[in-house]
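Please work through the exercises below with the sequence and the coordinates at hand. Each task is followed by a worked solution.

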Amino acid sequence: MKSHRIPGTGAALLALAAATPAWAQTAAPYSVAARIELTGYTRNFPWAAADTHLLVAGDLNADGVADLAAATPGVWFTLIVAPDGSFPLAVYRQEDSSSSGIAAADFNNDSKGDLAIGLADRVLINYGNGSGGFTGGPQVAVGSVGPNALITDIAAADFNRDGYVDLAVVDADPLNDARTHGSGGNIIRHRESIALLRGTSDGSVAADPVRPRLPAPQFPLRARREDFNGDGRPELLVGSNDTISLLFNESSSGFAAASLPLYPGGLHAQVDVIASAGGDFNGDGRRDLAAISTFPTANAVGGYYRVHLYRNAPHPSLPYTLTPEINEIALPHPAGALVVTDFNGDTYADVVVGFESAGAHTLAFYAGRNNFTFDPPRYFDGGFDAGAMAVADFNNDGKPDIAVMDCSGGAFVILRHD
Amino acid sequence: MIINAGSLPVRLAALAALLAVAAGAAAQPYSVSYGDRWSLFPYNFSAPIAGGLDLNGDGRSDLIVPLASGPARLYLSQGNGRFVRKTLPFWAPQEIEALAFAGGDFDGDGRVDLAYTGDSRQVRVLRNLGGANFRHVQAIPTQSSGESARLSALVSGDFNGDGKVDLVALDRGRDTTPAGTSALLVWGQAGGQFAAAASRLPTAGGAIWAAAGDFTGDGRADLLTGNRTGDVSLSHYDSSTATPRLLASLRTYTGVEEARVEGLGSGHINDDNRLDAAAVFSYTPANAPNTRLYLLRTLRNNGTATALQWSGEAQMIEGCFASNTSVRLGDYNGDTKTDVLVSCINGIGGLLYGRGDFTFDAPVYLSLPEESAQGVTSRGLARGDYDGDGRLDIAVVTQRGLRVLRYDPAADRLFADGFQSAAGAAAAAQNTFVE
């Protein structure tokens, strides 16, 4: 399917709905393999499904199938997946904290998956026992103060390639590392950095002695790792509500001072960044970036929510750059999550978007065409609003399956690639 | 237009003509700075958007917006007119009908806690764990009963002067028989819990609107209520004698049929440092049974034992169907005089700029041009300084989403010639609002 160029705008936009040919309006090749309701969910003890972090935690019980971990404010989960895609075991633990930060890695190098859990002002390391259970490990403070300190996200990787897993921690703390702003006498506090904790030989983490804080956009909310140039040193993407910063990671000494701010709608545009994910959208072997944003006004095909694409390209002074592509995907519903995978096996990176559509469409699958263009969407209609998503081959059939949060029903769902 | 409250003229102008008048009014000095959209519709009553609460301790006023069929949404201000969305998930989606929120530091830990009412006919208390994440800690039963009964309002304040936040709920609304003549008053206790034994505070009969404020000047909160038969009342708890009292009961207008209060708000309308109030009411003229007229009346605080009295005149709100309206008082144009913002179900809302003497200019109407054409209208309004410029901005909930209208001096043709004085900005910055 070709993308349609809108005369006068120069923008190649996907035509949706009415312009979509019948052959393309087939359902996405996915069906529900497993669904697990949030045990204990009551109106007095609910989980904020829409604020849940969901991630593939590796094979936690050594059965050869990837498992899941999730965190919502104050509660974290381990979700053991069976080879048939079902959930034989789901455990939740409540913390006296409001954080939903979680990351998975092997912190003590015992080849068993561990979890880093965000508490209000600390990171808790839980060591996996290889059979799906965990033992509480050290708690490491990130230097937050005040009653409203809050860890909102954690990214784990061996950023400096010293053999120990490091953590980048997004810690919202209005009473720390603040500066004032405002012309009318109001005191406005901005957090403009995130914490960097280095892995230690005892399986814990500690503040980086040289650069304990990394620069970030004002009020950072999310952090994710992406190795954009394949050098084994993952970069950090730090997102705020209206921009994403790319922090280069090019040397063993740590993150470079230079970062690349990405403004989906241009500086000072009234755009909100919802989610981002990396993938090679033009087959050049370099990872590009896709990000969902919402705009105050609709574009030519009526989209308030759009996927913007950024091309990984050489740069004369930076290690590389991410330049915005003219193509974009206009989304038919409010969207909250996206993942990048190759769901149709054509080797091209595809985009999967989760909707808050009141059940009209749950997921949209946009098949990539290798030049930053995409086929019209194929939908999965599960009758629920999609929250966080994660991709893995849960049944070892060589095809990507999708785990998705049912925000309207309060459940974890695994969609099996048919 | 200022008209005499004792001789209300019958206005039979068609809605189209009224809207034409509104459209010709001065341009709004606001531009959209933030928006969130949803496919879910808030229920077609008024959406009780709650503002004025700093939920994550960053010094900024955040917003709470309940939805009809899903968890309520929190919007955390980023200080530049922009917000970050979170979820307040304290009910199963199929049961939601949260009607009101009230906030305060119930447990003295420096965080703003919340209470809300819902269709369970209980007041539920949520403890802030920090960073605008909450845990349910208590459910307070009410007297609301019957198939269609529900709680209609919830406000917070220190009503007995013990330094702890108390809660007042209107729990016997219009659907309860007999119509309630008192509100549930639950006392705050140490540790953030509320007393099991509640008191009752007398109110207007069948009251459905409530606002809390210190109208009597004793440092304690009083309760202002309104009902659907046109009455406004002021209630007070005399802690020295442990006696709840009805200080004043006022009828918005006599001599007309079906007068009803459509919304209440409080603020300092003149400069006597006593808390005044405003009420929007409506009535149907006797000779025009298919017409509904909407008027604003102000209540002057005269400092007497009964505190409030009608200020004497009613302001016609032409072109605005201010049914179940938000009434938000504040200095919107920076002239140090209190203005009134009302929501309209046939548009977004109207601003009546005050003159400092309980009179107002003709309304200036707000619009969302792109969406007004699609019939998108206001379901509730909040206001606060969302971008740190010292001027009040406006948040509006519609069927389709939340929009934040930021004061935009570039669009302010009315006041671009010097009204934005330092004194005005300073006065606005000192205002805090919780409602």
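The exercises below concern a predicted model.

**Exercise 1.** Determine which secondary-structure elements chain A contains, and what share of its residues is buried.

*Solution.* Begin with the assignment: chain A has 31 strands and zero helices. Next, take burial, for which a residue needs 20 or more other C-beta atoms within 10 Å of its own. By this criterion, 55% of the 418 residues of chain A are buried. Finally, turn to contacts between residues at least 6 apart in sequence: in chain A, 49% of them join residues at least 24 apart.

**Exercise 2.** Describe the open sheet that contains β17 of chain A, from its strand order to its bridges.

*Solution.* First, establish the order: the four strands of chain A follow one another as β17-β18-β19-β20, with antiparallel pairing. Second, identify the edges, where a strand pairs on one side only: these are β17 (222–226) and β20 (259–262) of chain A. Third, consider the twist, which averages 20 degrees from one strand to the next. Fourth, examine one pair in detail: β17(A) and β18 (residues 235–239) of chain A run antiparallel and are joined by five bridges. Within this pairing, Ala223(A) has Val238(A) in β18(A) as its bridge partner.

**Exercise 3.** Assess the confidence of the prediction for chain A, and locate a stretch where pLDDT stays under 50.

*Solution.* Start with the whole chain: the mean pLDDT of chain A is 85, and 87% of its residues reach 70 or more. Then locate the stretch: over residues 1–24 of chain A, pLDDT stays under 50. For these residues the model has 41 contacts beyond four places in sequence.

Technical notes
Residues are numbered from 1 along each chain as its sequence is written. Chains are lettered from A and ligands numbered from 1 in the order in which they are written. This is a predicted model: local features need pLDDT of at least 70, side-chain atom pairs count only at pLDDT 80 or more; totals for chains, interfaces and linings use all residues. Two strands pair if DSSP finds at least two bridges between them. Helices (H or I, at least four residues) and strands (E, at least two) are DSSP runs, numbered from the N terminus. Axes are lines fitted to C-alpha atoms, for helices over the stretch in contact, and angles run from 0 to 180 degrees between N-to-C directions. pLDDT is the predictor's confidence in each residue, from 0 to 100. Two residues are in contact if their C-beta atoms, placed from the backbone, lie within 7 Å. A residue is buried if 20 or more other C-beta atoms lie within 10 Å of its own, exposed if 12 or fewer, and partly exposed in between; C-beta atoms are placed from the backbone.
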